[in-house]
Amino acid sequence: MSSIFKVSPPQEGIKRRLLLALSLGAFLLISSIALILTDPMWAIAKYKFRLANGSILHELLSSEMEGGRFAVYLFNITNPDRFLSGEDPYLKLDEVGPFTYLEYRTHSELQFDREAGVMRYTPRMRSVFVPEESIGNPEDIFLTMPNIPMLSATTMIRSSPVFIRNIYNIVARQYGSQPIVKLAASKYLWGYKDPVLTFANSLVPGLIYFNTTGIMDRLYDKNVHYRMELGTNDDDKFKIKRIHKYTRLHPESEVFDESILTFNDTYEGMAYPPMIGKNTPINIFRLGICKSFEMEYHGNKTSEYGPNAFVYKFNEKMFENNLCDVKGACPKGVMDLSACFYGLPMGLSKGHLLDADPKLFDRIKGLKPDPEKHSSHLVIEPKIGLTLETSWSLQANIFVGDITYNAEAKMFSNMILPIAHFKIKQPHLPSIAITALRMMYITVPKALFITEILLMLSCLLLLVYSAWLLHWKRVHKKQPLSEKELQISSRMANEPLMSYLTIN
């Protein structure tokens with residue numbers, strides 16, 4: 001009889017079951033807490049989107065990809081004769097477009113240098129006309145436009161000695177060069193020759209190295225090559241370290257001049273370091289334009305892919321008054337780009353001179369600045385640093401200086417002359433990036449939430465079961481067991497845990 005009061009083998013089995021239930025419950029509790037405190041999908045995405053051989057980004061960068069969609073609008077002059085004669089004190093403009101081009105980009109000779117923490121490549125870009133998104137074939141549409149080479153050369157020579165200006169005027173008249181030309185839109189976009197520009201270059205050697213002038217042609221200059229070097233570590237991922245620029249000295253020459261460009265907190269715009277903050281400095285550099293675009297944080301936005309993304313806009317300081325190479329201080333709202341185009345007096349502004357000095361509109365009619373149409377923004381997913389959306393509205397202008405010395409062009413003196421309006425859109429993200437974002441922000445979080453609930457419920461169930469076992473053990477420790485209780489206790493010791501839970 002005394003043996004019944006001792007810890008019998010069935011009770012030893014209950015003790016083992018209690019230890020197993022408590023251990024399993026603790027494991028499930030720790031697992032659920034670990035899932036709540038950590039983000040396993042982020043660790044996976046960070047590994048997949050690393051800059052290294054064999055990664056998703058390596059695969060994307062190794063193939064040709066869409067770089068951007070350029071919708072170009074040209075400003076047609078509707079009162080050329082009345083303006084040149086002085087009858088109209090202002091120039092009437094009519095925006096004609098869009099002429100849409102899709103840019104394709106490859107990263108030739110792509111290399112990852114793990115020791116230096118950089119990747120290197122030679123960017124190759126080409127553009128393809130998109131007829132279904134354009135008003136027509138640019139070869140068939142003729143426009144009356146400012147003569148960029150003539151007005152540029154006239155402005156650039158304005159500070160030369162009087163005898164050089166006189167020679168220039170004589171030659172310009174002999175060539176019949178006029179400040180306003182009628183051309184096919186394709187020539188205005190992709191380049192046309194003007195004898196005055198060639199003569200100006202011979203009159204002042206080294207003034208300009210190219211012999212044709214076109215708006216898009218300058219962005220895809222075939223006489224300039226680049227070798228890019230970008231960071232690959234988490235803290236400087238996609239950050240431009242330096243650019244080796246090789247410029248052909250003459251269109252027919254095989255000799256290139258090499259220069260090295262260095263940057264601070266500057267990117268090409270396709271991606272950024274992971275875990276960027278709202279105060280992370282961001283500047284965008286576009287090949288073909290030698291100046292960076294400074295961006296600043298302007299709030300959050302929920303994207304269609306799930307993440308709560310950061311919205312950036314241009315820092316207004318870029319378009320504030322600053323020294324111009326062409327004429328003293330630039331007017332508010334226009335950035336001087338003459339240094340980027342070898343002295344050509346070019347300026348960049350927001351579309352339709354949005355937020356520019358109102359005085360610029362005194363001699364120009366036809367511009368209709370609208371914040372809804374002509375503002376620019378950039379949307380970045382801050383966790384892995386992907387660019388989700390880009391929408392820029394920029395305008396190319398000519399800084400015309402005091403050219404009263406030239407009778408044909410004097411009416412353009414001291415004007416900011418609009419020539420083209422660009423609307424730049426980012427193409428859709430690659431399907432592999434969209435899938436990763438949806439997994440990170442939609443699919444996996446839902447699955448993890450359900451898993452966490454199931455783990456918690458299982459843990460709770462095991463704890464209740466452990467408490468019940470502990471109660472059983474305490475109640476029957478000093479009491480004799482009935483025959484039925486001995487049978488149940490024996491089954492608990494010898495059968496699987498879950499089978500016991502089915503006993504009525």
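**Figure 1. The lining of the largest cavity, by residue class.** Seven nonpolar residues, one polar residue and one charged residue make up the lining of the largest cavity. Please keep in mind, here and in every view below, that this is a predicted model. The lining residues to look for are Phe 49, Leu 57, Lys 237, Phe 238, Ala 271, Tyr 272, Ile 384, Gly 385 and Leu 386. The space inside the largest cavity comes to about 40 Å³. Searching the whole structure turns up one cavity of 30 Å³ or more.

**Figure 2. The chain as a whole, to help you find your way.** There are 504 residues in the chain, and 49% of them count as buried. The chain is built with 13 helices and 18 strands. Among contacts with a separation of 6 or more, 65% join residues that are 24 or more positions apart.

**Figure 3. The second largest pocket and the elements around it.** This pocket holds about 670 Å³ of space. Its lining counts 28 residues, and those closest to the pocket centre are Leu 219, Tyr 220, Asp 221, Lys 222 and Val 224. Which elements each supply at least two residues of this lining? They are β3 (118–129), α9 (215–219) and β6 (224–231). Strand β3 gives the largest share, with five residues. Sorted by class, the lining of the second largest pocket has 17 nonpolar, seven charged and four polar residues.

**Figure 4. Helix α5, buried or exposed?** Helix α5 covers residues 148–157, and ten of its ten residues are buried, so the helix is largely enclosed by the rest of the structure. If you follow the helix along the chain, the buried residues are Ile 148, Pro 149, Met 150, Leu 151, Ser 152, Ala 153, Thr 154, Thr 155, Met 156 and Ile 157. In an α-helix there are 3.6 residues a turn, so residues three or four places apart point the same way. In α5, for instance, Ala 153 is buried, and Met 156 is buried too.

**Figure 5. Gly 343, a loop residue that meets helix α5.** Look for Gly 343 in the loop between β13 (334–336) and β14 (346–350). With a relative accessibility of 30%, Gly 343 counts as partly exposed. Which residues does Gly 343 contact once its neighbours within four places in sequence are set aside? The contacts are Met 156 and Ser 338. Met 156 is one of the buried residues of α5. Another residue of that helix, Ala 153, is 190 residues away from Gly 343 along the chain, and their C-alpha atoms are separated by 9.3 Å.

**Figure 6. Aromatic rings and the charges over them.** The count for this structure comes to 13 aromatic pairs. In one cluster, ring pairs link Tyr 101, Phe 129, Trp 190 and Tyr 220. Tyr 220 may be familiar from Figure 3, being one of the residues closest to the centre of the second largest pocket. Two further tyrosine rings deserve a look. Arg 165 lies over the face of Tyr 405, 5.5 Å from the ring centre. Lys 365 lies over the face of Tyr 90, also at 5.5 Å from the ring centre.

**Figure 7. Asn 300 and its partners in the fold.** Asn 300 belongs to strand β11 (residues 292–302). Its relative accessible area is 37%, and the residue is therefore partly exposed. Beyond its neighbours within four places in sequence, Asn 300 is in contact with Lys 278, Asn 308, Ala 309, Phe 310 and Val 311. Val 311 sits eleven residues from Asn 300 along the chain, and 5.6 Å separates their C-alpha atoms.

**Figure 8. Backbone details at Pro 98, Asp 265 and Met 275.** Where is Pro 98? Pro 98 has its place in strand β2 (residues 91–113), and the peptide bond leading to it from Gly 97 is cis, with omega near 10°. Asp 265 has a positive phi, near 50°, and is a residue other than glycine. Asp 265 is found in the loop between β8 (256–262) and β9 (266–267), and at 27% relative accessibility it counts as partly exposed. Phi of Met 275 is positive as well, near 60°. Met 275 lies in the loop between β9 and β10 (282–285). Its relative accessible area is 54%, so Met 275 is exposed.

Key:
Residues numbered from 1 in each chain as written. Predicted model: local features only at pLDDT ≥ 70, side-chain atom pairs only at ≥ 80, totals over all residues. Heavy atoms only, no water. 1 Å grid on protein atoms, 1.4 Å probe; cavity = no way out; pocket = protein on both sides within 12 Å on 5 of 7 lines; lining within 4 Å. Points joined across faces, edges and corners; volume = space filled by probe spheres on them. Helix = DSSP H or I, 4+ residues; strand = E, 2+ residues; numbered from the N terminus. Nonpolar A, V, L, I, M, F, W, Y, C, P; charged D, E, K, R; others polar. Buried < 20%, exposed > 50% of the residue type's maximum accessible area, 1.4 Å probe, protein only. Phe/Tyr/Trp six-rings, centres within 6.5 Å; stacked < 30°, edge-to-face > 60°. Lys NZ or Arg CZ within 6 Å of the ring centre and 35° of its normal. Contact = heavy atoms within 4.5 Å.
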